[in-house]
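Trainee: I request a close look at a single part of this model, followed by an account of other parts of the chain.

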Amino acid sequence: MRTATPPIAIPANVLAIIDTLHTHSFQAFVIGGCVRDSLLGLTPKDWDIATNATPKQMQAIFAKTHTIITLGERFGTITLLPHSTTKPPALPAHTNPAHTSPTPNPPTIEITTFRLESTYSDNRRPHSVIYTDNLLQDLMRRDFTCNALAYNPYLRHKHSSNEQKVDSSAYALYHRYLPYIRDGICDYTNGLDDLATHTLRAVGDANARFSEDALRILRALRFQATLDFALESNTRAALLANAKKLAAISAERKQEEWSKILYAPHIAKALIGYGAVWAEVFVEFSKPLVALDLRPSERMIAALATLEALNSSRDSALRDKAGSLWLAASIDAQVLSPCSPLHNPAFSSQNKRSGASVSSQVSLENLESHSGFTKQAQSLESTFQQSYHSPTAKQATAVQGEAEAGFFRTPRIFEEEIQAKCEKTTDIQKVDSRGNALLSSLRENPQGFSWQSIQTKTQNLESTFESPTANQKQSQSKKVDSREKVDCHAAAAAAARNDRKIAASEKVDSGLALRLSLWFYALDSSLEQATSCLKALRYKSRIIKLTELLLSHANLPSSQSLESTRILAKTLGLESLALIATFLATLHGKPYAAPLYTHIATIQAQNLCYNRTSLAINGKDLVTIAACLGIALHGREIGRLLDTLLDEVICSHLPNTKHALFARAKELIQA
């Protein structure tokens, strides 16, 4: 009797989406590869959800909480990205802690409606899809039984007193699937049995599955290589019978699947016996690839063993002393065996399976509520108007004189002017303290006012706004400096992130180029054939150039002197030379590449000159020397002189010092 399947740990945001769909009375399952990988003890790269909700219904449900990408809506798929302001989902009270994962939430989640598919007109995608309310129909359209597994954490059977019972609403949604649910997993195609025996079996008619989508052929071989599965006999026969349909698959998709296989720990299982399939991918090598079905060459067997060792091992004797730094920089942290399998053509059958691993500014519109400024001005104006009903002769004379002098302004105009000044300042507290103090004093003594005094105080207030004090200037300067520092730190952080991305990308490119070079070496390929093949598969130019570099130096002699290594570093660069050393170690073993590793380490440790940048003088120095001699140098002449000096330094004919280089440059320029 089968033991209970362990619970699958679902990320919190995925579980929250399932709960949301339940709340709206829709079915929801995590499905496909995430279930398969979880049961195999691997970490899923993606989490996909299947539901009976249509894309339009899903968009209505998640419009307020997620950004929705509808690129796949035609096929019933939408992609959810949580809003940046969305709080982490609060899990319902009945959630079993075993159902949620401590791993980070996936950045995007795809949700697809249960569907049936029409005929496939291009051996890749269905012409149209038909939505269905039945999960079982959706499972029957999938490629392999191990991928036709759906899991809902609330449908697990009660095995212990700690297990949550399935509530009646869940039974109402899922009652039709209960005969096929085991420990929360809906297994309509016996995928759990195939998963237990590592068998890769097509769902239903294998020939129909591969005819529908020819890319499934390469996916099947990838699953063999990455998961150590074995193709079921009928599935294997159908795969080989439909191999020629790969011609309808785009080069980019072939490249993607092949690149993944090159990193697989059991790559031989995807190649030996399937030469007819790969002959449709690498057309230039159809003859040697067909031979994989008969008798693979010793070179091919040895290369595949090397790739398996490279993809499976976690420790390497190659990463020591001279080679450790450069191996780490050149390949993608994968490792090689101490003695290259190319010296021992027999396969290692005990490869270990590797696990996947506020703003402070306040607008003028808010000024009234912030300081009561307008109300005070209105009260002051009312008091002034009352005092003008029966002015004394002295008051009338004073007002007339101030009016003639241009000082007369009504309180309303005064209020408007102060408000205008307020608009010019960003320090609202300054407006509060100075403006309110002025208005309060005028309101407290309305009979003893003088328009001249108002003008003086207004000017003082203006100077507050327009001529900041030394302390205010210092404060503003500090704020500017602080903002500039923040901007500088942000720019530096962005630059560092960009550098890390570039370094990671270069590391991946180097690792892929190393594997591609091993593959073409095993095929006994010429440089032109390999380049043509890589271009046909749409590999990017950097990977093509790196592969050409490695293949063109596959037979570099082992007995390299320090001088010849510096000459190579001048032409190729030190990092490229380190990658070549790694390639030679995989082809011929560590002892063969050891001298090159030693010389690379020596160049780095002793800071030996090997390129123009490391020379003690530069082009500007040469121009200065020539000017003193009354000679004008141009760009190409400067370059030739620098190369001549560099060669003499590399060959130890000249020390890399300014004095020696200046003297020698003077001789060369005069000559």
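Trainee: How many of the 13 residues of helix 8 are buried?

Mentor: Of the 13 residues of helix 8, 11 are buried, and the helix is mostly covered. Buried means under 20% relative accessible area, exposed over 50% and partly exposed in between (1.4 Å probe, protein chains only). This is a predicted model, in which local features need pLDDT of at least 70 and side-chain atom pairs count only at pLDDT 80 or more, while totals for chains, interfaces and linings use all residues. Residues are numbered from 1 along each chain as its sequence is written, and side-chain values use heavy atoms, with hydrogens and water left out.

Helix 8 comprises residues 215-227; helices (H or I, at least four residues) and strands (E, at least two) are DSSP runs numbered from the N terminus. From its first C-alpha to its last, helix 8 reaches 18 Å, close to the 18 Å expected at 1.5 Å a residue; the expected span is 1.5 Å times one less than the number of residues. The buried set begins with L215, R216, I217 and L218. It continues with A220, L221, R222, F223, Q224 and A225, and ends with L227. Just after helix 8, D228 takes a positive phi of about 60 degrees.

Positive phi values occur at two serines as well. S25 has a phi of about 65 degrees although it is not a glycine. The position of S25 is in the loop between helix 1 (12-23) and strand 1 (28-31), and its relative accessibility of 52% makes it exposed. S652, another residue other than glycine, has a positive phi near 65 degrees. S652 belongs to the loop between helix 29 (635-650) and helix 30, and S652 counts as exposed because its relative accessibility is 59%.

T189 gives a buried loop position. It sits between strand 10 (185-186) and helix 6 (191-196), and its relative accessibility of 12% places it among buried residues. Leaving aside residues up to four places away in sequence, T189 touches M140, T145, A148 and V203, where contact means heavy atoms within 4.5 Å.

Within the helices, L518 lies in helix 22 (residues 470-522) and is buried, at 0% relative accessibility. With residues up to four places away not counted, its contacts are A303, T306, L307, F583, T586 and L587. L518 and L550 are 32 residues apart along the chain, and their C-alpha atoms are separated by 9.1 Å. L550 is one of the buried residues of helix 24, together with I543, I544, L546, T547, L549 and L551. Helix 24 (residues 541-552) has 12 residues, which should span 16 Å at 1.5 Å a residue; its end C-alpha atoms are 16 Å apart, so the two values agree.

Helix packing comes next. Two packed helices are described by the angle between their axes and the distance between the axes. Axes are lines fitted to C-alpha atoms, for helices over the stretch in contact, and angles run from 0 to 180 degrees between N-to-C directions.

Helix 25 (residues 562-572) packs against helix 26 (residues 574-588) at about 115 degrees, with the axes 7 Å apart. T565, L568, A569 and L572 of helix 25 meet L574, S576, L577 and I580 of helix 26. This contact has six nonpolar, two polar and no charged residues; Ala, Val, Leu, Ile, Met, Phe, Trp, Tyr, Cys and Pro count as nonpolar, Asp, Glu, Lys and Arg as charged, and the others, Gly among them, as polar. A578 lies in helix 26 and is buried, at 0% relative accessibility. Its C-alpha is 7.2 Å from that of Y597, 19 residues away in sequence.

Helix 25 and helix 27 (residues 590-605) have axes that come within 10 Å and cross at roughly 75 degrees. Helix 25 is therefore roughly perpendicular to helix 27; angles under 35 degrees count as roughly parallel, over 145 as roughly antiparallel, 65 to 115 as roughly perpendicular and the rest as oblique. In this pair, L562, T565 and R566 of helix 25 meet L596, H599, T602 and I603 of helix 27. The classes are three nonpolar, three polar and one charged.

Finally, helix 28 (residues 619-628) and helix 30 (residues 658-670) cross at roughly 55 degrees, their axes coming within 10 Å. Helix 28 is therefore oblique to helix 30. D621, L622, I625 and A626 in helix 28 meet F662, A665, K666 and I669 in helix 30. Six of these contact residues are nonpolar, none is polar and two are charged.
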